[in-house]
Amino acid sequence: MQNLLDFDADGLTAWFAEQGEKPFRARQVLRWMHRSGVADFDAMTDIAKSLREKLKARAVVAPPTVVSDKLSDDGTRKFLIDVGNGNAVETVFIPEDERGTLCISTQAGCALDCAFCSTGKQGFNRNLTVAEIIGQLWLANKALGAVHGDERVISNVVMMGMGEPLANYDNTIKALRLMLDDNAYGLSRRRVTVSTSGLVPTIDRLREDCPVALAVSLHAPNDALRDQLVPINQKYPLKELMAACRRYLEKAPRDFITFEYTMMAGVNDSDAHARELLALVRDVPCKFNLIPFNPFPGSPFRRSPADRVRRFGEILLQAGIVTTTRKTRGDDIDAACGQLAGQVKDKTRRTAGTTIPIQELRT
Ligand code: SAH
Ligand code: SF4
């Protein structure tokens, strides 16, 4: 059985052609699935009965399963999504006055092993499928009552959940295309953000294939420190990363790169670090998003004190760089950045490098 949520528009059209069906039929089904959130072929009322029967025999519309759905006091809502084998990933909806942002995951676990990240500490399990990535938007839309009509409860999507989106490149691109497609979610390119730890070759590919807003996880102003915090820096050092950012801006839907910078006490948060950063990003139009470190058990780092974050931000601001500090939201439901823990079903399983147990972070 083919899961039709695994296709972007072109893929669906090609699959319909293989079944002897016209492109406009694929478009109709695409709209039913993504614009109307319909999974049942019989509910697709303008599709001929004979085609519905054919589809039922060969395909399904199968989003992943939500295993838990928690609402925080501040309105943040966290969905735990089953990805099989006792593992799960997280999707977080963050409502704000002017927008609603959905933070989605792209991998179960992550291979890049950043020193301060709980997802990284879990190791890599597997890439999410297109259906699992776009399915997070599909499910959240439904849970938030946003389907049917044009109501934009979710106006923004950020790929800042679990995993490195550019390490699951093909599936990420297909999911991005669905997000932008007017027959699917119709989101603005400027309101869809890929966050990457700095995979230089795939930043270049993204620029050509599907330029959306780009956030780069910087976390350190020099190679010596970044090599330790973000080990992929050893392969793609800062000079190359900054050059890739400049190239990206030639085609980006926004005229700046967002640099994410997790603030860890005594590690990367001094005035000298801030000044070193200014020199590093001199030639890259950018904004900074400072993220106070979110602790998790077993982590050696501590969050920078609030006045340190403020002072650090002031140095960047005084140099003319727009700098915001990320509010810690969803704290009470462990939905803050870097706290996305995943599944709790089976905490003991360990299958030689392929299946990771997803540990509960806080009890
Ligand atoms: N893999 C991608 C996207 C997911 S992480 C990336 O690394 O960019 C989203 C952001 O949260 C990244 O900037 C990441 O570095 C940051 N982060 C990870 N762990 C964190 C923690 N414990 N506290 C604060 N931010 C964290
Ligand atoms: Fe992976 Fe991003 Fe976590 Fe690094 S910060 S381990 S790239 S999810």
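This report covers the confidence, salt bridges, ligand site and two packed regions of a predicted model.

**Confidence**

The mean pLDDT of the chain is 90, and 89% of the residues score at least 70. Residues 343-363 are a weak stretch, with pLDDT under 50 throughout. For this stretch the model has 50 contacts beyond four places in sequence. Where pLDDT is low, the predicted coordinates should not be read in detail.

**Salt bridges**

Side chains of opposite charge can pair when their charged atoms come close. There are 19 salt bridges in the structure. Three of them are listed here with their N to O distances.

| Pair | N to O distance |
|---|---|
| Lys 54 and Glu 21 | 2.8 Å |
| Arg 99 and Glu 96 | 3.0 Å |
| Asp 271 and Arg 311 | 3.7 Å |

The salt bridge between Lys 54 and Glu 21 has its closest approach at 2.8 Å. Lys 54 belongs to helix α3 (residues 49-58), while Glu 21 sits in the loop between α1 (9-18) and α2 (23-35), so this pair ties together parts 33 residues apart in sequence. Lys 54 is partly exposed, at 23% relative accessibility.

In the pair formed by Arg 99 and Glu 96, both side chains have some access to the surface: Arg 99 is partly exposed at 41%, and Glu 96 is partly exposed at 31%.

Asp 271 and Arg 311 form a salt bridge at 3.7 Å. This pair links distant parts of the chain, with Asp 271 in helix α10 (residues 271-280) and Arg 311 in helix α11 (residues 306-318), 40 residues apart. Asp 271 is partly exposed, with 22% relative accessibility, and Arg 311 is partly exposed, with 30%. Elsewhere, Asp 42, Lys 49, Arg 52, Glu 53 and Lys 56 are joined into one network by salt bridges that share partners.

**Ligand 1**

Around ligand 1 there are 20 residues, of which Phe 116, Gly 163, Ser 195, Ser 217 and His 219 come nearest. Polar side-chain atoms also approach the ligand. Glu 164 places one 3.4 Å from a nitrogen atom of ligand 1, and Glu 260 places one 3.2 Å from an oxygen atom of ligand 1. In the side chain of Thr 262, an N or O atom is 3.1 Å from a nitrogen atom of the ligand. Ligand 1 taken alone exposes 530 Å², and the protein buries 96% of that area.

**Helix α7**

An α-helix has 3.6 residues a turn, so residues three or four places apart point the same way. Helix α7 spans residues 200-209, and its buried residues are Val 200, Thr 202, Ile 203, Asp 204, Leu 206 and Arg 207. These buried residues pack against two helices, α6 (169-180) and α9 (238-249), and two strands, β10 (192-196) and β11 (213-217).

**Val 281**

Is Val 281 buried or exposed? Its relative accessibility is 3%, and the cut-off for buried is under 20%, so Val 281 counts as buried. Val 281 lies in the loop between α10 and β13 (286-292). Beyond its neighbours within four places in sequence, Val 281 is in contact with Leu 218, Met 242, Phe 259, Cys 286, Phe 288 and Ile 321. The C-alpha atoms of Val 281 and Lys 239 are 9.9 Å apart in space, although the two residues are 42 apart in sequence.

Definitions and conventions: Residues are numbered from 1 along each chain as its sequence is written. Chains are lettered from A and ligands numbered from 1 in the order in which they are written. This is a predicted model: local features need pLDDT of at least 70, side-chain atom pairs count only at pLDDT 80 or more; totals for chains, interfaces and linings use all residues. Side-chain values use heavy atoms; hydrogens and water are left out. pLDDT is the predictor's confidence in each residue, from 0 to 100. Contact means heavy atoms within 4.5 Å. A salt bridge is a side-chain nitrogen of Lys or Arg within 4 Å of a carboxyl oxygen of Asp or Glu. Helices (H or I, at least four residues) and strands (E, at least two) are DSSP runs, numbered from the N terminus. Buried means under 20% relative accessible area, exposed over 50%, partly exposed in between (1.4 Å probe, protein chains only). A residue is near a molecule or strand if one of its heavy atoms lies within 4 Å of it. A polar contact is a pair of N or O atoms within 3.5 Å; within protein, one must be able to donate a hydrogen and the other to accept it, and residues adjacent in sequence count only if both atoms are side-chain atoms. Accessible areas come from the Shrake-Rupley method with a 1.4 Å probe; for residues, only the protein chains shown count as cover.
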